[in-house]
Amino acid sequence: MRDDRTRYEAVSSRDARFDGEFFFAVETTGIYCRPSCAAVTPKRKNVRFFPTAAAAQANGFRACRRCRPDAVPGSAEWNARADVVGRAMRMIGDGVVDREGVPGLAHRLGYSSRQVQRQLNAELGAGPVALARAQRAHTARVLLQTTGLPVTEIAFASGFASVRQFNDTIRRIYARTPSALRAEAGTGLGAAVREATRTGIPLRLAHRGPYAAREVFDLLAGETVARIEEITGGAGARTYRRTLRLPYGAGIVAVDERSAGAWLDARIHLTDLRDLTTAVQRLRRLFDLDADPYAVDERLGADPGLAPRVAARRGLRSPGAADPEEFAVRTLVGRAAAERLVETYGKVLDAPSGGLTHLFPEPGVLAGAVDDPALRALAAALADGSVRLDAGADRDEAERGLLRLPGIGPAAAALIRMRALGDPDVDPDGIPGSQRWRPWRSYAVRHLECR
C-alpha cells in the first residue's frame with residue numbers, strides 16, 4: 001500500500017483491512033479519517049494521505065467524528081520492523097516520551113535527539129513529540145468518555161504537561177472542548193458507564209480483520225501462573241485476568257474472549273492513571289492486536305502444508321507477553337517454579353482481586369535472593385540492563401545477550417524473542433524448511449501447535 005492510487009482505491013471501497021496502516025485527509029473539510037470511513041468518498045484531487053494520525057494532525061487536520069480514526073489498530077509494520085523507526089514507534093506506544101522525553105527515547109535507541117527527530121519526520125511526517133501528543137489525545141478521549149474523573153486529573157493522567165496544553169490539543173484534534181467531547185451524544189459519560197468504572201476503566205481493544213480468540217485464550221489458559229494470572233468463565237466466554245507491574249504503580253487487567261466484531265472488551269484497574277497508555281499497549285502486544293491477519297493468511301495459506309490449517313483458523317495470532325522480563329524468567333524456570341517465585345518473592349497487592357494477589361517479582365529482587373545460578377544470572381542481566389527486553393529493544397542484540405547467559409539455549413532465546421519481543425518471524429523449534437514461511441514464521445509455528 002505504497003502508492004496513492006492504491007490507497008485511494010482502498011478508501012473508495014471502504015476497505016477496513018487498511019485501517020491504521022494509513023490515514024486520508026480531505027482538504028475541503030479539514031478532516032482526516034480511517035480508510036473504512038462510511039462518509040461519502042471525497043474527490044481524489046481533495047485527498048491527502050498520511051502514514052500516521054499524528055502526521056495528519058500536524059498538518060492541521062482534525063479527527064472525523066464518524067469513524068474515529070484515533071481508535072484504529074496500530075500498523076502491523078511497527079511490530080515487524082527492527083530498525084530505529086520501528087523501535088521508536090514501539091517505545092512511544094509504551095509511553096517512553098511521556099515519561100522520559102525525547103532525550104530519553106533517543107538514549108534508549110542509541111541515537112541523538114536530532115537524529116531520531118529527523119528519521120521519524122522523514123518517514124512518518126511527524127516527530128516523537130507529535131506522535132506522543134496524538135497518543136495522549138486518544139488516552140484523554142477514552143478517560144473523558146469512560147470515567148467520571150475531573151478534567152484536570154485526566155489532563156495529567158493522559159501525559160500532558162499542563163491543562164492548557166491538554167485543552168488546546170483536544171480542541172485542535174477533535175474540534176470541541178473536553179467537556180463537549182465528554183457530553184457527545186451516544187458516547188458521553190452516562191450512568192451505565194459511571195457504574196462500569198467501579199469494575200475498571202472499560203475499553204474496546206480494536207483489532208484488524210478476523211481474530212481467532214479461542215486459540216489465544218487456550219494458550220494463555222495453559223500458561224497461567226497462580227496469583228498473577230487467572231482464567232474465569234466457560235468455553236467461548238472466558239475472561240483472562242492478570243496483574244501488571246507498571247512505571248507508576250500496579251494494575252489489574254481483564255480481557256474477554258468473546259470478540260465484539262472489531263474489538264475485544266477489556267477493563268483496567270490502575271493505582272495511577274498515568275499508566276493507562278502503557279497498560280493498553282502491553283495488552284495489545286500480549287493479544288497481538290496490531291497484526292495484519294490478511295497478509296499473514298495470504299502468505300501462509302499459499303503453502304500446501306499449512307493451507308488447511310490457515311483456512312480453519314482465520315486470524316490466528318502470535319501472542320506476545322504482558323511483561324517481557326517476567327516471560328524470560330518463566331521460560332527459564334518453568335510454570336511450577338514461577339509460581340513458587342511469585343509466592344516467595346512477589347509483591348502482595350494492596351487490594352487483591354479474586355485469585356490475583358501478587359505482582360511478579362522484579363529482576364533486581366530475584367538477582368539478590370535466589371540460589372539458582374542460571375536464574376540469578378538472567379535476573380542480574382535484566383536488572384542492570386545488559387540484556388534489554390523493553391518495547392524498543394534491539395532484537396538481535398537481546399538474543400545474543402540471552403545466549404551468553406548460562407541455562408539459556410537457542411530454543412529458549414528464540415522463544416523469548418518471539419513472545420517477549422513480539423518478533424513475527426521466529427522459529428524456536430527449528431522446523432526444517434521454515435524459511436519458506438518468512439516473514440511470518442511465528443504465525444506458522446502457532447498454526448502447527450494448535451490442535
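**Close-ups of a helix pair and a pocket**

**View 1. Helices α16 and α21 cross with a right-handed twist.** In this predicted model, the contact comes down to F327, A328 and T331 on the α16 side, met by A412, L415, I416 and R419 from α21. Sort those contact residues by class and you get five nonpolar, one polar and one charged.

**View 2. Here is the geometry of that pair, α16 (residues 324–333) against α21 (residues 410–419).** The two axes sit 10 Å apart, and the packing angle is about 150 degrees. Because an angle over 145 degrees counts as roughly antiparallel, α16 is roughly antiparallel to α21.

**View 3. Next up is the second largest pocket, with about 520 Å³ of space in it.** Its lining runs to 23 residues, and D94, R108, R282, E325 and D390 are the ones closest to the pocket's centre. Across the whole lining, the split is 11 charged, 10 nonpolar and two polar residues.

**View 4. Three helices, α5 (96–109), α13 (276–286) and α16, each put at least two residues into the lining of the second largest pocket.** Of the helices here, α5 gives the most to that lining, with three residues. Helix α16 turns up again, then: it packs with α21, and it also helps line the second largest pocket.

Key. Residues numbered from 1 in each chain as written. Predicted model: local features only at pLDDT ≥ 70, side-chain atom pairs only at ≥ 80, totals over all residues. Heavy atoms only, no water. Axes fitted to C-alpha atoms, helices over the stretch in contact; angles between N-to-C directions. Helix = DSSP H or I, 4+ residues; strand = E, 2+ residues; numbered from the N terminus. Parallel < 35°, antiparallel > 145°, perpendicular 65-115°, else oblique. Left-handed = near helix turned anticlockwise from the far one by under 90°. Contact = heavy atoms within 4.5 Å. Nonpolar A, V, L, I, M, F, W, Y, C, P; charged D, E, K, R; others polar. 1 Å grid on protein atoms, 1.4 Å probe; cavity = no way out; pocket = protein on both sides within 12 Å on 5 of 7 lines; lining within 4 Å. Points joined across faces, edges and corners; volume = space filled by probe spheres on them.
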